[in-house]
Amino acid sequence: MIDPVDFLRQLQLHGTEFFTGVPDSLLKSLCAYITDTVDSKRHIIAANEGNAIALASGYHLASSTIPFVYMQNSGQGNAINPLLSLADEEVYKIPMLLCVGWRGEPTVKDEPQHVKQGKVTASLFEAMGIPCQVLSSDRFEMIDQIQEAYASIKKRSAPYALIIRKNTFSAYTRNSEANAFGSFTREEALRALIDGLRDDAIVVSTTGMASRELYELREARSEGHERDFLTVGSMGHASQIALGIALKETQRNVVCIDGDGSALMHLGGMAIIGSLGLDNYLHVIINNGAHDSVGGQPTVGKTVDFLAVAKGLGYKTVKRVESLHEISSFVSESHEGPVCVEIRVKKGNRSDLGRPKTTPVENKEAFMHYVSKEGR
Ligand SMILES: Cc1ncc(C[n+]2csc(CCOP(=O)(O)OP(=O)(O)O)c2C)c(N)n1
């Protein structure tokens, strides 16, 4: 295994001083070590992976150093546009080292949303003309690979990618963080939320633990899953999926269960929700100030005023609910929509939390059947 302390040291020996990215569970210990040791103006957890490429590019333009950008392979899609139209060898030639967590590696069992991305991770880089290799778990090979990567980056003045397998990095636990945020968990908030929602409300839930918890809550209540669309991949897009449904299903309440990291990832979508003024749209942002599902790395959620943002973007009703009882009672009442509710919660999840047992296609088919036939 590679010690993240050693890995970071190698990057610094090559002159890298700026770090940015979106966290990934496979890079958890590296992200934690960077967060603990790099100055907060030299390590920025970006809103999305495309932003991270742009941030790194800007830092290079001002410093001539080679920045480091980390992401899960799910974020490759977000990064493609600035990689090809900004950093590319045929455009601005911006050197940078990319480090990409390889979810869905073909020989490793993983969730359906990761399997396809895992198959195409290296070939996407090849198609973009970005050299890449899988990082070795052997320290001496790792040092050689980093040497080779920086030599290629300098020669071409362009990006180079290291692909990171599961269990490449050894554990590193973050120094203790102050966390006085929220007095109950996301799962408790979700339970209170579905207690208060009308039975025929349509729910679209975001990527990560929130969808897994919603799935288990329905099981515990002996309810079906047909009214929930679980956005297992496509982080940051749940609000627009819900919007598309709400535009057609105007007589039904459509609820988006979002996370702070997910809402921030494509924040512009909230402007479109606000501009459309749909009365049947409820946007619930469960804010734990963290990318909890991939290791709890901080977002800017603890300092962002989501309600002021929503108000400014045209949501008609905005509300921070402070207790479990208030969650149920607020969502059971009628309010002028679009509505934005912020619920502040603690980080963390149950250690025995399961995963959906249905496939994405089964989920979609049951959902579409429900939307077209039921509750009318
Ligand atoms: C485009 C993309 N980037 C990164 C990831 C990895 N990822 C999955 S869930 C998650 C964190 C989500 O944070 P938030 O929305 O705040 O919800 P929380 O996990 O805190 O409940 C991340 C970074 C992903 N799935 N897709």
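The exercises below work through a predicted model of one chain, each with a task and a stepwise solution.

**Exercise 1. The chain as a whole**

Task: Work out how many helices and strands the chain has, and what radius of gyration the chain has beside that of a compact globule with 376 residues.

Solution: Begin with the secondary structure, where the chain has 14 helices and 14 strands. Next, take the extent of the C-alpha atoms, which fill a box of roughly 65 × 40 × 40 Å along the principal axes. For 376 residues, a compact globule would have a radius of gyration near 21 Å, and the chain agrees with this because its own value is 21 Å. Finally, turn to burial, for which the count shows that 47% of the 376 residues in the chain are buried.

**Exercise 2. Strand 4 and its partners**

Task: Determine which residues of strand 4 point one way and which the other way, and find the strands with which strand 4 pairs.

Solution: Start with the strand itself, which covers residues 96–101 and has six of its six residues buried. In a regular strand, side chains alternate between the two faces of the sheet. Applied to strand 4, this separates M96, L98 and V100, which point one way, from L97, C99 and G101, which point the other way, and all of them are buried.

Now consider the partners in turn. Strand 3, residues 68–72, pairs with strand 4 in the parallel sense over five bridges, and within that pairing F68 has L97 of strand 4 as its bridge partner. Between these two strands the chain passes through helix 4 (residues 76–87), in a β-α-β crossover that is right-handed. Strand 6, residues 159–164, also runs parallel to strand 4 and is joined to it by six bridges, with P159 of strand 6 standing opposite M96.

**Exercise 3. Strand 7 and its partners**

Task: Decide whether the residues on the two faces of strand 7 are buried or exposed, and identify what stands opposite V203 in strand 9 and in strand 8.

Solution: Take the faces of strand 7 (residues 202–205) separately: I202 and V204 lie on one side, V203 and S205 lie on the other, and all four positions are buried, which leaves both faces covered. Next, follow the bridges from strand 7 to strand 9 (residues 254–259), where four of them join strands that run parallel, and where V255 stands opposite V203. Then follow the three bridges from strand 7 to strand 8 (residues 228–230), again between strands that run parallel; here D228 is the residue opposite V203. The last step is the connection, in which strand 7, helix 8 and strand 8 form a right-handed β-α-β unit.

**Exercise 4. Unusual backbone positions and loops**

Task: Locate the cis peptide bond between G337 and P338, and explain why S64 counts as exposed and why K93 counts as partly exposed.

Solution: The bond from G337 to P338 is cis, with omega near 0°, and P338 sits in the loop between helix 13 (324–332) and strand 14 (339–344).

S64 is not a glycine, yet its phi is positive at about 65°; this residue belongs to the loop between helix 3 (49–63) and strand 3. S64 counts as exposed because it has 9 C-beta neighbours inside 10 Å, and the exposed class takes residues with 12 or fewer.

K93, in the loop between helix 4 and strand 4, likewise has a positive phi, near 55°, in a residue other than glycine. With 13 other C-beta atoms within 10 Å, K93 is therefore partly exposed.

A further loop residue, D110, lies between strand 4 and helix 5 (112–128), and is partly exposed because 15 other C-beta atoms lie within 10 Å. Measuring from C-alpha to C-alpha in the model, D110 and S211 are 16 Å apart in space and 101 residues apart in sequence.

**Exercise 5. The shell around the ligand**

Task: Describe which residues come nearest to the ligand, which elements give two or more residues to its shell, and how the shell divides by class.

Solution: First, of the 25 residues around the ligand, those that come nearest are G208, G259, G261, D292 and S293. The elements that give two or more residues to this shell are helix 8 (209–220), helix 10 (260–265) and strand 11 (290–291), and helix 10 gives the most, with three residues. Sorted by class, the shell has 14 polar, seven nonpolar and four charged residues. As a last step, ask where the shell falls in the domain assignment: at least three of its residues come from each of domain 1 (4–164) and domain 2 (186–373).

How values were computed
Residues numbered from 1 in each chain as written. Predicted model: local features only at pLDDT ≥ 70, side-chain atom pairs only at ≥ 80, totals over all residues. Near = placed C-beta within 6 Å. Nonpolar A, V, L, I, M, F, W, Y, C, P; charged D, E, K, R; others polar. Domains from an automatic or database assignment. Buried ≥ 20, exposed ≤ 12 C-beta atoms within 10 Å, placed from the backbone. Pairing = 2+ DSSP bridges. Right-handed = clockwise from strand over helix to strand, strands pointing away. Rg over C-alpha atoms; globule rule 2.2 N^0.38 Å.
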